[in-house]
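Q: Please take a close look at one part of this predicted model, namely the packing of its helices, and describe it in one connected account.

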Amino acid sequence: MTADKHPVIGFIGLGVMGGPMCRNIALKHPADVIAFDMNASAFQLLEGTKARRAASVADVAAQADVVFLSLPGGPQVEQVCVAPGGLTDGARRPAVIVDLSTTTVASARGVAEQLAARGVAFVDAPVARTREAAQRGELSIMVGADETLYPRIEPLLRYMGSDVTRCGDVGCGQVVKLINNALVFENTVALAEMMVLGERAGVQPDVLLDAVSKGSGDSFVLRNHGRKAMLPRQFPDKSFPPEYVLKDLGYVLELAAQTELTAHVAELARRYYAAAASGGFSGRYFPSVIELIDRGDGPAAAQSEVAVTAAPGQPDASTQRSRAHG
């Protein structure tokens, strides 16, 4: 990839978040865009754009200069990047791979090392905000990249994000994203508890949220998860379920252990969502934790780890997004 030429962009993973992100790239990028997903129906979202469908991951590698990934997690990222049949297995390799997924910090740095040995640069650029923000091209993107590479990648990231922040070298994007998600999950539990308390003490939940939103207790979680999900008590399937929360909080707690921090609040939140996943809210949108609190259950109900697998009705690994919250 050279500074005076628009790169051919590849995109792998057209799930809940990846599909809208790829569509924005295809609509805004002046050069070719080639996309791949194992689910043929995922390409419907790209209709009306110049994006072309690749036959395989190897097909993307053979044509693209910069490849974006939006995959379920670190194992899938590693497989696509360095496994046989992956992006670096053939004679031609992309110059840069940009991972928009949420993974562990260790995974991001490990993949970067493997790719560097193969002459390919790696950037971790996990995204935050909602699916609607992805559709509008207004995501927040937290980037871990070499400072000399970042200026070449930033304009491409701005096809998808209204806020793009270099957080440091490779892995630092994941650090910030995991902290962002943990704050959302923790805040959701705290808000749920206080909404139940307020209602039981005589204040209607809508009045509580209106009043608190005008003071220092206001937050993104209040305005979004509180108003849109917890107030109407609507927690649909095929959204972000407690199983995915547990995955991200597991990443956070792993990082905390590696840095010798005891993350008490994150651990408490993990226990709440484990109780939700095992207590009737598996596969439901994660603010459903308010129902758990309202019926008098809590973190003590979670006696064991909940398996972190795709909840019923969730997209499979080939189509699931880079999950965004915050």
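A: In this predicted model, the residues V175, L178, N181, A182 and F185 of α7 meet V245, D248, L249, Y251, V252 and L255 of α10. By class, the residues of this contact of α7 with α10 divide into nine nonpolar, one polar and one charged. Two packed helices are described by the angle between their axes and the distance between the axes. For α7 and α10, the angle is about 120° and the axes are 9 Å apart. The helix α7 is therefore oblique to α10. The crossing in which α7 passes α10 is left-handed.

The helix α10 (242-258) also packs against α11 (264-278). The axes of α10 and α11 come within 9 Å and cross at roughly 155°. Because angles over 145 degrees count as roughly antiparallel, α10 is roughly antiparallel to α11. Here too the handedness can be stated: α10 passes α11 in a left-handed crossing. On the side of α10, the residues in this contact are P242, E243, V245, L246, L249, V252 and L253. On the side of α11, they are A266, E267, A269, R270, Y273, A274, A276 and A277. The contact of α10 with α11 has twelve nonpolar, no polar and three charged residues.

Some of these names return in the interior of the model. The largest nonpolar core has 43 residues, and F185, Y273 and F286 touch the most other members. The helices α7, α8, α9, α10, α11 and α12 each supply at least two residues of this core. F185 has already appeared among the residues with which α7 meets α10, and Y273 among those with which α11 meets α10. The surroundings of Y273 can be listed in full: leaving aside residues up to four places away in sequence, Y273 touches F185, T188, V189, P242, V245, L246, L249, F286 and V289. Apart from this core lies another, of 36 residues, among them L46, F68, L156 and M160.

The helix α9 (residues 220-230) has as its buried residues V221, L222, N224, H225, G226, A229 and M230. These buried residues of α9 pack against α7 (172-200), α8 (205-213) and α12 (289-294).

The loop between α9 and α10 contains R233. Although R233 is not a glycine, its phi is positive, at about 55°. With a relative accessibility of 26%, R233 counts as partly exposed. A positive phi is also found at R129, which is likewise not a glycine, with a value of about 95°. R129 belongs to the loop between β7 (127-128) and α5 (131-136). The relative accessible area of R129 is 25%, so R129 is partly exposed.

One further loop residue, A31, completes the account. A31 lies between α1 (18-28) and β2 (33-36). Its relative accessibility is 14%, and A31 therefore counts as buried, since buried means under 20%. Not counting residues up to four places away in sequence, A31 touches H6, P7 and K50. The C-alpha atoms of A31 and L46 are separated by 16 Å, the two residues being 15 residues apart along the chain. L46 is one of the residues of the core of 36 residues.

Note on methods:
Residues numbered from 1 in each chain as written. Predicted model: local features only at pLDDT ≥ 70, side-chain atom pairs only at ≥ 80, totals over all residues. Heavy atoms only, no water. Buried < 20%, exposed > 50% of the residue type's maximum accessible area, 1.4 Å probe, protein only. Helix = DSSP H or I, 4+ residues; strand = E, 2+ residues; numbered from the N terminus. Contact = heavy atoms within 4.5 Å. Core = buried A, V, L, I, M, F, W, Y, C linked by side-chain atoms within 4.5 Å. Axes fitted to C-alpha atoms, helices over the stretch in contact; angles between N-to-C directions. Parallel < 35°, antiparallel > 145°, perpendicular 65-115°, else oblique. Left-handed = near helix turned anticlockwise from the far one by under 90°. Nonpolar A, V, L, I, M, F, W, Y, C, P; charged D, E, K, R; others polar.
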